[in-house]
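The following account leads the reader through a protein model, beginning with its enclosed spaces and ending with a single helix. Please keep the coordinates in view while reading.

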Amino acid sequence: MHPLFLPSSSSSSALFLLLLLLTLQTLTSISLSQPEALPSPEYCGNFSVSFPFHLSSSSSIAFRLSCINSSTLFLHINNKTYRIIEFFTDGLLVDFPSSPSCRQFNDLRSFTFPTNPFFSISFENVIGLYDCEDSSLCKAGCETNDLFGCDGREEDETSGGDIGCCYPLSDHSAWRAGDDFSVFGKYGCRGFSSWLVPRGTNTGKRGVKLEWAIPRNSSEAICDPEARTVNATAVEGSVRCVCRDGFVGDGFLHGTGCLKSCYREGKEVYGDKCEIKKHNGKKLTVLAGVLAPLFILGSLLALFCLLRRPVTSTHKGQHEFDHSTPTTTTSVSFRKGYNKTRLFTYRELEEATKGFQDKHKLTQGKTGTIYSGNLTNGTRVIVHKVLCESQIDFLEITSQIDHLSAVLHRNLARIIGFCMDIGHNPFVVYEYPVNGSLEDRLRLGLDWCKRVNIVAEVAGLLALLQYENYPPILHNDIGSGYIFLDEDFQAKVTGFGLQRKQRNIDTSVYDFAVLLLEIVTGSKQREETVAQAFQRIRSGKLEEIVDPALYFHEQPVVFREQIGLVADIATRCVLFGGDGKFGMVDAARELLQIAASNNSGGSGCDNKKGDGIEETFSNSSLLQMISMSPDSIYLPKT
C-alpha cells in the first residue's frame, strides 16, 4: 500500500486535536436552555395587554393604550378615542364614540374612521341600519342572528328596537375595506348600530370590531423564526404573526416570540419542560457531542483495517434475513414473536396512574377509559381500561388484544403491553406520543395542513384494519381523545373497541364523520349539536361553524375549498354510511387525495410528511380497492 494511505501517529494526533477543538467550539455555541414560562403581560383591571399593544409612553404610539382608573382601557387613533370592550387575537371590540348613554342607534357620521396602516373596521361586523330609503342593501338571513341592544334586550319590534335593515360587512357590495359608516348615507339611511358576530356563532356582541395588523416591511423581519405570517383581511398591506403548532406566544420578533409548548401530566408546560429528560438529558447532550467525533474517528480507523483484510468467499445465502424481524414493506404487517409484549400486573398499572385518579383520565367513551401514567422506570404511557361486561367478553377481548398486538402500522400507537388479571378489566398499554392528544392540540390551535394529514392517516388506518384483516378490526369510538400525535404530528390511534358485539361498520363511519366535523369546527360536538352543524353545512353556511382559530376568511382559496370538501365528506359519511354507499375506503381515498395535493408542494404546507401519507396505501392491496367502484368492493360481514 502506498505510504500516503498509512495513518501515522503524528497525523492521527493532529486529527484528534482538530476534532476535539471543533467539538468544543460547537458546544460553546449550543444553547442548553429555553424559558419555561411566557413573560407576564401588562394589566389594566381585568384586561391583559399583550404585544403589540402596551401602556408605556416610550414605545410605539400606534398601539399605545391608556388605562383610566386602573380599570378602563382606551385606544387613540388620530384625534379619536375608543373605549375597548374586548381583545381578540386579530382585533379588538370597541364601543361607539361619544355615546355616554344607551342609544338604539348612532349617527352615521359618529364613526368616521380615519385611514390607518395599523387598524381597519373588520369584515366580521354586522350592521343594523335605520330609516333607509333604499332597501336593496338589506341582506336576507342576516336578521337570523341574535343581536342585543345596549340595554341587554334583543333587537326586535317588541323591544322597540327593530333594526329595519341588516347588512354584514363581509358582503362587500355596499361597503368596502377602508370605508366608514357614512357610506350608507347614499342609501338614505339615518342611523346605525353594529355587532360583532364571531365565526361559528349567531350571537352578536354590541360594538365595532377593529382588525389590527403591522405594516409589512421587507427590510426588517417581523415574525419569530417559529411563527408564520398571516395577511390581514381588512388592513391592506399589513400582517400578523402566529406561532406554529407546538409553540405559543405572540409570534412577533420584538414581542414575546414563540415558546415551545406541550402537555405534561395533563397540564400545558413550556420550554425546557417539554424536553424528554432521561438520565439528565443536558449532560448526555454534552457527552454525546464530545464522544461523537471520537467514535467517528475510531470507526474510520476500524474500517480502514477491515478493508485491508483478505476477503473470504462463502456460499451461505447472501440474501438471508431474520424471519423474526417484522417486515416494513407493506402498510399493514404482522410481527412474529409479538408475544414478547410485556404482561403488566393490575398493581403496576394502578401505581402508574396513581390509583386511576381522575386527574390522569384523558378521555372516556364506548370502548372504555384512557388514562395517562408513568411506569417505575419513568416511561410515560397510555393506559386503556377496556370496557368489559362479562367473562365471555373477557375471553373475547383477550383474543382481540392478541390479534391487535400483532399489527404493525405507522399510525397505530405502539402497544408495549397489556394486563389480563382475573377480577379486573382488561388493559392495553400504549407508548405515549410526545405531542399529546389531538383533542388537546385542537384547543391549542392546529393549522389546516396538519389537520388534513392527521384525518387522512386515521382514515387510511381504519380502512386497512377493516378490509385487510379477518376478522376485521374496528375502532367503534374514533375521536380526537383517542388520537395521539408524535413529534412530527403523525397520528397514533389508541382505544380500540375489542368486543365482538361492538363491531358495527355503520357506527364506525358515523363516528368518523363526527371526527371530521371536529376537525372543521375545532371542538367536540354534543349529540344535539351535530345535526345542527350538518344542517348548516348542507344549507351553505359552512363558514359559520369553522374553527375561529383557522381564520377561514384569511385562508388561501385552496384551503377554504378543502375545508368545504372535508365537511362534504363528513356529510356523506352520515347520509350514505348506513347503507354502505360511502364507507371508510371512500373517505380514505378522498382525504388522501387532499393531503397528497398539499404535500406535493406549492400549497404553503410543510410537505415533509408527504412520503408518509403516500406510504399509507402505496404498498397495500387496498390501493386496488380505492380504484374500484364501490359496488365491486367486498365488504366483510361481522
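**Cavities, overall fold and helix α9**

The count comes to 2 cavities of 30 Å³ or more, a cavity being a set of points, on a 1 Å grid over the protein atoms alone, where a 1.4 Å probe fits but cannot get out. The model is predicted: local features need pLDDT of at least 70, side-chain atom pairs count only at pLDDT 80 or more, and totals for chains, interfaces and linings use all residues. Residues are numbered from 1 along each chain as its sequence is written, and side-chain values use heavy atoms, without hydrogens and water.

The second largest cavity has a volume of about 60 Å³, taken as the space filled by probe spheres set on the grid points, which are joined across faces, edges and corners. Its lining (residues with an atom within 4 Å of a point) consists of Leu 462, Gln 466, Ile 473, Leu 474, His 475, Asn 476, Ile 478, Ser 508 and Met 584. These residues divide into 5 nonpolar, 4 polar and no charged.

The protein as a whole has 12 helices and 28 strands, assigned as DSSP runs (H or I, at least four residues; E, at least two). Buried residues, those under 20% relative accessible area with a 1.4 Å probe and protein chains only, make up 46% of the 638 residues.

Helix α9 covers residues 557-576 and reaches 28 Å from its first C-alpha to its last. This is close to the 28 Å expected at 1.5 Å a residue, reckoned as 1.5 Å times one less than the number of residues. Among the buried residues of α9 are Phe 559, Ile 563, Val 566 and Ile 569; Gln 562 and Thr 571 are also buried.

Notes: Buried < 20%, exposed > 50% of the residue type's maximum accessible area, 1.4 Å probe, protein only. 1 Å grid on protein atoms, 1.4 Å probe; cavity = no way out; pocket = protein on both sides within 12 Å on 5 of 7 lines; lining within 4 Å. Nonpolar A, V, L, I, M, F, W, Y, C, P; charged D, E, K, R; others polar.
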